Amino acid sequence: MAIVVVVGPADLGPQDRCDVGVGTFLLNELCHLVGAGKVPLADGVVYRLRATTSALVNRRVCVALPQIFTHLSHPHYTPLLKCSRRMADSDELAAAIKYQQAAHDSASAPVIEGANGAGGAAAVGQGKKEKKDKGAKKAAGKDKGDTAKGKASGAAQEVKQPFVNPTPKGAKKDLSHAMESGYDPTVVESAWSDWWEQQGYFTPDAKASLHTKDSQKFIMVIPPPNVTGNLHIGHTLTTAIEDSLTRWHRMRGDVTLWVPGTDHAGIATQAVVERQLAKTEGKTRHDYGREAFVDKVWQWKEEKGNTICYQLRRIGASVDWTREAFTMNDMLSKAVKEAFVRMFDAGLTYRATRLVSWCPFLKTALSDIEVDQEEINEPKHINIPGFSHRVEVGVLVHFCYPIEGQDGAMIEVATTRIETMLGDVAVAVHPDDERYKAYHGKRLRHPFIPDRSMVVVTDGELVDMTFGTGAVKITPAHDHNDFKCGKKHGLEFITIIDEKGYMNENAGPFKGQHRFECRFNIQQELEKMGLLRGKTPNPMRLGMCSRSGDIIEPLLVPQWYVDCKDMARRACEAVRTGELELIPAFHKVTWFNWLEDIRDWCVSRQLWWGHRIPAYKVVEPQLEGDDMWIAGRSAEEAKEKAAKALTDRGVNVEAGAIKLEQDQDVLDTWFSSGLFPFSVFGWPDNADNEDIAAFFPTTLLETGHDILFFWVARMVMMSLQLTNQLPFDKVYLHAMVRDAHGQKMSKSKGNVIDPIEVIEGITLEGLHQKLREGNLQEKEIKRAMDVQKKDFPQGIPQCGADALRYGLLAYTKQGRSVNLDINRVVGYRHFCNKLWNAVRFALLNFPRGFEAKGVRMADKRQWMDEWILHRLSMAAKATNESFESYMFAECVQATYNFWLYELCDVYLELLKPRLADAPSDSPQRTPDQIVALETLYTCLDCGLRLLHPLLPFVTEELYQRIPNSRHKSESIVVATYPQEVLAWDNMTIDEEMKVFQSVIRQLRSMAMTLEIPPKDTKSVAVYVRHRSDELSAFLSRRSDDIATLSKYGTVKVIEGGERDPEGCVRDVVSDQCDVFIDPKGTVNLQQTVEKIDKKLGNCQKSLDSYVKKTEMPNYVDKAPEDVRQTNTEKIAQLRDELKALEDAKANILKITHQGKIY
């Protein structure tokens, strides 16, 4: 039995054929079917078969083949080309297809599509949707091998099986098989991380690094994510930035270390485990006791807490896993104790009773970053944990205090927390307010606590007499402003709410009530007394616990504090002198604003999970006055210190007779995180510690700008205090990731994006299911689902880690916020497919046994070779400069432009005619072809290395596949990063190419505007005229290349002084250059004008709507900066589009009714 197998017949032009590669596995299966007589094929005929499933492309073909071959019996199948060799003699199955221009021909002839054979083949078409993608037209040949676009039929979706990684953990991936026909990120990104780690590429030798100059080191610690959860999209941006920098420095030959780690996340982790115990066992932590509960948390951490590490590997983080840190491990815990004790001994840590932000549900104090400030714009009722009724917020409740001794005289006040009036001790008025001058110093009567002493005080700093009634109720124990007022006027501090959020014994008749039950009841009672004056709406910011969702209560609680004033002064000085650089520099304002007005840091938390504070209270002997507290690294050391302190106070006692009680609280998580840059290297054990000698101080700290003062400033302060060194020289602060509409990501909004969902893809129903499995209320679930339907109507397509990284890095130029549009990430997934197919094309053209020698100065290179090497050098220069200045979006742009617009769009297309007649089965090549292949290899090799820090997986996979050379490394991870090559710089040829590309762009644009069918472009007459003799001669020499890239049959260059060709549509390339097309017989110009008019109307309508937005009152003040920037860019884009359409219409209208120009 004979079947045609023709690969790239010479008699077919690029427009007339599509080379289809199918792997040997498909060949074997087809041979079996043919041999069994199940597939009757005519002798000597090539059949055009189209796969009905994506299974072919995904190498799962056995199930799909029977469905495919049923098409052969269809009466309309068309034999296209005669056989030139038999299948039995072939190592691969390939079909050369001559496209039939008629639609019915192309529709009726089935086509086989699939993975490439042993020798490889050019990528094949896979669907209209892929073809429409702008980037899909940017690769070598017809870039149509992307298999993950989801354009397969329903049947195809059913037969697709999950990919199973066949590579043993830590082993190098076997790439001896031929390349797949399309890029599949799941396959490509498998196995490499484990192999890199096994090879030790990410683990520098401390001893060998001891004498390396600081300028040749790059040391960085990861911002430790919470051990409780999954990486979110913000973490992914952090990882993308940090990994790209790390890989770039490693490829430059620097000693490179990136230390990974996780944070024990005190509140978050304890809350997760407590919820789990309540759900599975119906128990609380108190049922276990402290020690047993902490054991439960450790057990949970070992079972569930490694998700973060998996995700970091999944994203490609090149961290040194041998130095992985956890803020609760023994080494870091020792550092925490040491830091607290040293700071206590220096008088910097102390215990005091002050107002703190308290979460009644969790029964602990919180740091500011753990408090979410929710904007309340109108009165509403909200749910909080631990309370069965909805709580009213966003209103001011007005009521009156009677003035003692003056019948009927009252002072009206208003509050958003009416329940706190039970702790009121005064009413403050402005000293200059004439309305209240008669009441200064007068006593007030509390309606519920008659023996409460209340007074009218004057305070010009606190009271704004133009706001409200001009009178402010004072509750010193439950409000930060009132606290200051109470201190100023010597008022009594009365706590009325306990740690669980219930009213205590000081609340009079409301004792024992939940604070929000009291909020309702107290209004009822005031109304009965005639003292309630009603409610008014009050837009406000409501502090909510980020972990529990409870409303924050300011409470007076004894806590441990750190005096930060001197440390903050040193941190400010470091930035002012330039010792510490903040990037971007505008963050200096925030740095100074916070540190120059710093408050002492509350570092204690009422939890069990965390670093228990190493402070001990002296219980025996009993002392008069304030409690004595001692800090010690152990109880024994604390007793020795206590004995000395007691002796200093005149109390002589042996250490063994002293009884101590360790504080029950734990330290704020940020305390241990603040030590992270040096605790991960073994501080305070500095003696014989090669790690701390070699790797501290570090080089760079990279993180989001939202934790500049919560974490970055504290690291700087604590390092200066404890090591007398800055922990790093530079701080790079990246933007915050928001959704495509500029909204903050929130689970309740449904706009949170899990990076794994982007990497692996997820259906809309899958997104909905994750909402149902969460902790949202039904109303929030419905609202979130609506958002998901709008933003992801087809779900999130599989993009892969490389595309996600590349897309996020491209966004970094947006400033303070990144408005993430997943569709843009999908576009970068297509870019990865372009890389894949460009390399596939190249591998088809490298002869068997090819080993690159490198480009040499003596080589006789063509114009296109000189140009692409120049562009490669320029790309290397731009990328290195961008990395050096932390301009990651520019790194993306430089590499993207080189690969897509220069290498694939231009060079590869121009290369095809030079390589077209090369024998596929022979290593023999002409001298010109050898030069072309060496140039091509150089571009692939250097281009992949340029991209590697940004796209680690696909570049490693492709680097391993390109032929060997004398300088090729074992892995691209340790290959040398390309630099600018001055010998390749050629600005003259660069200018020529600009003219060349401008002509091509204009010709392509005219074909689109005139809607000339692709099948007719070969017959259209095209002319180019340039007024410069030199450039006219250049264009004449390049006329065949212009025809190749612009898709026209022939291009004629006319003299600068010649008249315009008659009957042609003219377009202006520049003031020196024109192009002409004679469209007669190919298009209906009147119909084309009508279509342009329609586009003009739509474009003008869109432009008017954007302009209208910008003309709204207070637009600059109300619209966020990123929204204004987007609108400005869109207006400019629409105006350019409008002008282009108007120019196109004007050009067409130049043709008269006689068919002549002008």
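Here a colleague asks a modeller how some words are applied to this structure.

Colleague: What should I know about the model before we start?
Modeller: This is a predicted model, in which local features need pLDDT of at least 70 and side-chain atom pairs count only at pLDDT 80 or more, while totals for chains, interfaces and linings use all residues. Residues are numbered from 1 along each chain as its sequence is written, and side-chain values use heavy atoms, with hydrogens and water left out.

Colleague: Why is Thr212 called buried?
Modeller: Buried means under 20% relative accessible area, exposed means over 50%, and partly exposed is in between (1.4 Å probe, protein chains only). Thr212 has 18% relative accessibility, so Thr212 counts as buried.

Colleague: And what makes Arg445 partly exposed?
Modeller: Its relative accessible area is 42%, so Arg445 falls in the class between buried and exposed.

Colleague: Which residues does Arg445 touch?
Modeller: Contact means heavy atoms within 4.5 Å. Leaving aside residues up to four places away in sequence, Arg445 touches Tyr401, Pro402 and Glu404. Arg445 and Tyr401 are 44 residues apart in sequence, and their C-alpha atoms are 6.4 Å apart in space.

Colleague: How do you know that Arg515 forms a salt bridge with Asp550?
Modeller: A salt bridge is a side-chain nitrogen of Lys or Arg within 4 Å of a carboxyl oxygen of Asp or Glu. For Arg515 and Asp550 the closest N and O atoms are 3.1 Å apart, so the pair meets that definition. Arg515 lies in helix H16 and Asp550 in the loop between strands S21 and S22, so the pair ties together parts that are 35 residues apart in sequence. Helices (H or I, at least four residues) and strands (E, at least two) are DSSP runs, numbered from the N terminus.

Colleague: Are Arg515 and Asp550 buried or exposed?
Modeller: Arg515 has 0% relative accessibility and so counts as buried; Asp550, at 2%, also counts as buried.

Colleague: What makes Asp1060 and Arg1025 a salt bridge?
Modeller: Their closest N and O atoms are 2.6 Å apart, so they satisfy the salt-bridge cut-off. Asp1060 is partly exposed because its relative accessible area is 22%, whereas Arg1025, at 5%, counts as buried.

Colleague: How do you know that strands S16 and S18 pair?
Modeller: Two strands pair if DSSP finds at least two bridges between them. S16 and S18 are joined by 4 bridges, so they pair, and they run parallel. One of the bridges has Val429 with Thr458 as its partner in S18.
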